Amino acid sequence: MLDQAQRILKDVFGYDAFRGNQGAIIERVGSGGDALVLMPTGGGKSLCYQVPALLREGLAVVVSPLIALMDDQVATLDELGVSAVALNSTLSTDEQRDIAERIRRGEIKMLYLAPERLVQPRMLAFLQRLEIALFAIDEAHCVSQWGHDFRPEYMQLGQLAELFPNVPRIALTATADKRTREEIVQRLHLENAERFLSSFDRPNIFYRIVPKEQPRKQLLGFLAERRGDAGIVYCMSRKKVDDLAAFLTEQGFPALPYHAGLPNELRAYHQKRFLNEEGLIMVATIAFGMGIDKPNVRFVAHLDLPKSLEAYYQETGRAGRDGLPADAWMAYGLQDVIFLKQMLNNSEGDERHKRVEQHKLDAMLALCEETRCRRQALLAYFDEELPRPCGHCDNCVDGVQTWDATEPARQALSAIYRSGQRYGVGHLVDVLLGRDNDKVRGLGHQHLSVFGVGKALSEGEWRSLFRQLVARGLADVDLEGFGGLRLSDSCRPLLRGEVTLELRRDLSSKAPKPASSAASQLVRSEERETWEALRTLRRKLAEEHSVPPYVIFPDATLLEMLRSQPASLADMARISGVGARKLERYGQAFLEVLQGTVEVVRSPADLRHELVTLARAGMTPAQIARQLDCSEKNVYTLLAEAIGKQQLSLEQALDLPEDLLGEIQEAFLDGEGELPPVGDVAPLFAGRVPEQVLYCVRAALQAEFEL
């Protein structure tokens, strides 16, 4: 069986060998056994059920929680020549009926369904009349009531064991601790399933966590080296998402907002653009993520602290699914801790549930303040031991300076106590630094014994110390009050002088720039021209076939083409990710680019495509000109063309005051019949509006007339 599986792997998917547990899982499910698969994002989970589906007779049914994920998988399989369909709410009744007929005739090999649809009695009865190859339950952690992705319908999937006793079932997830794994087994009746637990490690991701000072400025510094890369920036609130997306766009980084407060159509449109276009940044709440199958996300940044290490692992795991270098970057501060503790305190649920959530938050804080290898600490949380430091996180690369904070910590705790355990960090720092301001004087705190005792440290050092005291549980946040600090029981040994305290010293923002990862250095400067030509061809083919570019070939495959320089189709067939179908469809076109027999220049169509993308993202013509390295006049000409072809609205292209726009439109509409040429209208607006703007307005009016 494994030989046959190997042939399918090469001929259909274009890969030479199975990775990790894939071979063993495929053998287990292919021969009719059940399996529980825990494999990190990007580890190749989908092959674990797609290959057995092609090995076995009958229809393979895949349960998936998101329409976007189903559509993505179906498009990918279709490109590989595998007949797959998704049956979901976006289809009309006639389309659904047509799919049912094709399934009855045996024309479909893989059927993707949401759990809600699968558990409907009519659907179960329909499937019972067919030969079923296997059931694959993706994102199986959704069955856990403890998880943040809980979907009640997953609980009903246990009935598959009774209704289809001879059909193998495979449950797959990227994030499940011990308790969640047991819940999956129990609720899905997988007691006889063989368990395949892969390493949680994602060695291609570089982890960096920095203290939050000026978060937007810090984020811009991080993004500066990653222009043109696709990435996700997570924020806690919807307002912050909207504001940050607008800010990044103003700064020349095309960014889109995504959160549950946006209309469904707009969310779906933004998600589709993120999947289909190169170099977009999605600014999002945690509403965005599960089912994002884009392999070339080069970074995930957090501007707010996730609630748990599970959430952090899952969100950062959306970077670098293609195995190429990627970055996980986070800025965090005391305010994040206070906000999350307040959220937890105000949440519904019993005390036991809150204790579990508090434990998870404490583990997240411990990772932030970790002085050892971050990867070792992260994997230890998931019961996995990494024998040596990874050498690929900020702590390993930059080193961590620690200092004996015993005496300053006692002074800080004393300041909390003597001021009444009700004030925030700002006021406590003022007292320790001996600042004689109105608030200190009004409260009489200039008479406290701790007033002015902390002048040996800077304000930044005191703030860092207070943050670490809270993170270590030596001080706590008064959630009933207004976020003031109070002592916790665990600080007593320190106050009594029974223990000492080592804390990490925050790297000053003025310190030498820390080593960054190589995520944005995938391609050497001398390869850049050919690399861009390969990406341009990929985008053109993706548009023709109405699929995301990575469905044609992922970056990892393009990179291998670039490095190995295949001279023939036989050479091309040896490249990982080039199966028989794709070789036949696209091999020659990519060979021609590599051999330089086609012009490797950015065509006007590519320029227009990029321009439309940037304008839709909210960039001004001046910003677009800088981004595309061309003149502003050229940008306006292309904008007018795009408006005329209705690829852009006037509002997306230009930001004109409403009254001025009305005046220009009236000037064009003043006469009878045809719109006058721009030259006739231009004198009326000389010195007020650049002439190129008039061309755009005229193009918009012309497009309206033609409708």
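A salt bridge is taken here as a side-chain nitrogen of Lys or Arg within 4 Å of a carboxyl oxygen of Asp or Glu. The structure examined is a predicted model, and a search of the whole of it under this criterion finds 44 salt bridges. Side chains of opposite charge can pair when their charged atoms come close. One such pair is formed by Arg104 and Glu101, whose side chains meet with an N to O distance of 2.8 Å. Both residues belong to helix α5 (residues 93-104), where they are three residues apart, about one turn of the helix. An α-helix has 3.6 residues a turn, so residues three or four places apart point the same way. Arg104 counts as partly exposed because its relative accessibility is 46%, and Glu101 is likewise assigned as partly exposed, at 35%.

A further salt bridge links Glu107 to Arg102, with 3.8 Å between the closest N and O atoms. Glu107 has a relative accessible area of 38% and is therefore partly exposed. The value for Arg102 is 26%, which also places this residue in the partly exposed class.

In helix α23 (residues 528-545), Arg535 and Glu532 are again three residues apart, about one turn of the helix. Their side chains form a salt bridge with an N to O distance of 3.5 Å. Arg535 is buried because its relative accessible area is 15%, under the 20% limit for that class. Glu532, by contrast, is partly exposed at 31%. This pair is part of a network in which salt bridges with shared partners join Glu278, Arg528, Glu532, Arg535, Arg538 and Asp555.

Confidence in the model was examined over the chain and by element. The mean pLDDT of the chain is 88, and 95% of the residues score at least 70. Among the elements, strand β2 (residues 59-63) has the highest mean pLDDT, 97, and helix α28 (residues 604-616) the lowest, 74. The pLDDT falls below 50 over residues 509-520, a stretch that has 22 contacts in the model beyond near neighbours in sequence. Where pLDDT is low, the predicted coordinates should not be read in detail.

The geometry of helix α14 was compared with expectation. This helix comprises 13 residues (334-346), for which a rise of 1.5 Å a residue gives an expected span of 18 Å. The C-alpha atoms at its ends are 19 Å apart, in agreement with that value. The buried residues of α14 are Leu334, Val337, Ile338, Leu340 and Leu344, together with Asp336 and Lys341. The elements that cover these buried residues include the strands β13 (326-332) and β15 (475-477). The helices α15 (351-368), α19 (425-432) and α21 (459-471) are also among the covering elements.

Strand β11 (residues 281-284) pairs with two other strands. With β9 (residues 230-234) the pairing is parallel and runs over four bridges; in β11, Val283 is the bridge partner of Val233. With β10 (residues 255-258) the pairing is also parallel, over four bridges, and Ala284 of β11 is the bridge partner of Tyr258. In a regular strand the side chains alternate between the two faces of the sheet. In β11, Ile281 and Val283 point one way and Met282 and Ala284 the other way. All of these residues are buried.

Several loop positions were also examined. Asn88 is located in the loop between β3 (84-87) and α5, and its relative accessibility of 5% means that this residue counts as buried. The side chains of Asn88 and Thr90 are joined by a polar contact of 2.5 Å. When residues up to four places away in sequence are set aside, Asn88 touches Ile67, Met70, Asp71, Gln96 and Arg117.

Two loop residues have a positive phi although neither is a glycine. For Glu139 the angle is about 50°. Glu139 is found in the loop between β5 (132-137) and α8 (160-163) and, at 12% relative accessibility, counts as buried. For Gln565 the phi is about 45°. Gln565 sits in the loop between α25 (555-564) and α26 (569-573), and its relative accessible area of 41% makes this residue partly exposed.

Definitions and conventions: Residues numbered from 1 in each chain as written. Predicted model: local features only at pLDDT ≥ 70, side-chain atom pairs only at ≥ 80, totals over all residues. Heavy atoms only, no water. Expected span 1.5 Å × (residues − 1). Buried < 20%, exposed > 50% of the residue type's maximum accessible area, 1.4 Å probe, protein only. Contact = heavy atoms within 4.5 Å. pLDDT = per-residue confidence, 0-100. Polar contact = N/O pair within 3.5 Å; in protein donor to acceptor, adjacent residues only side chain to side chain. Pairing = 2+ DSSP bridges.
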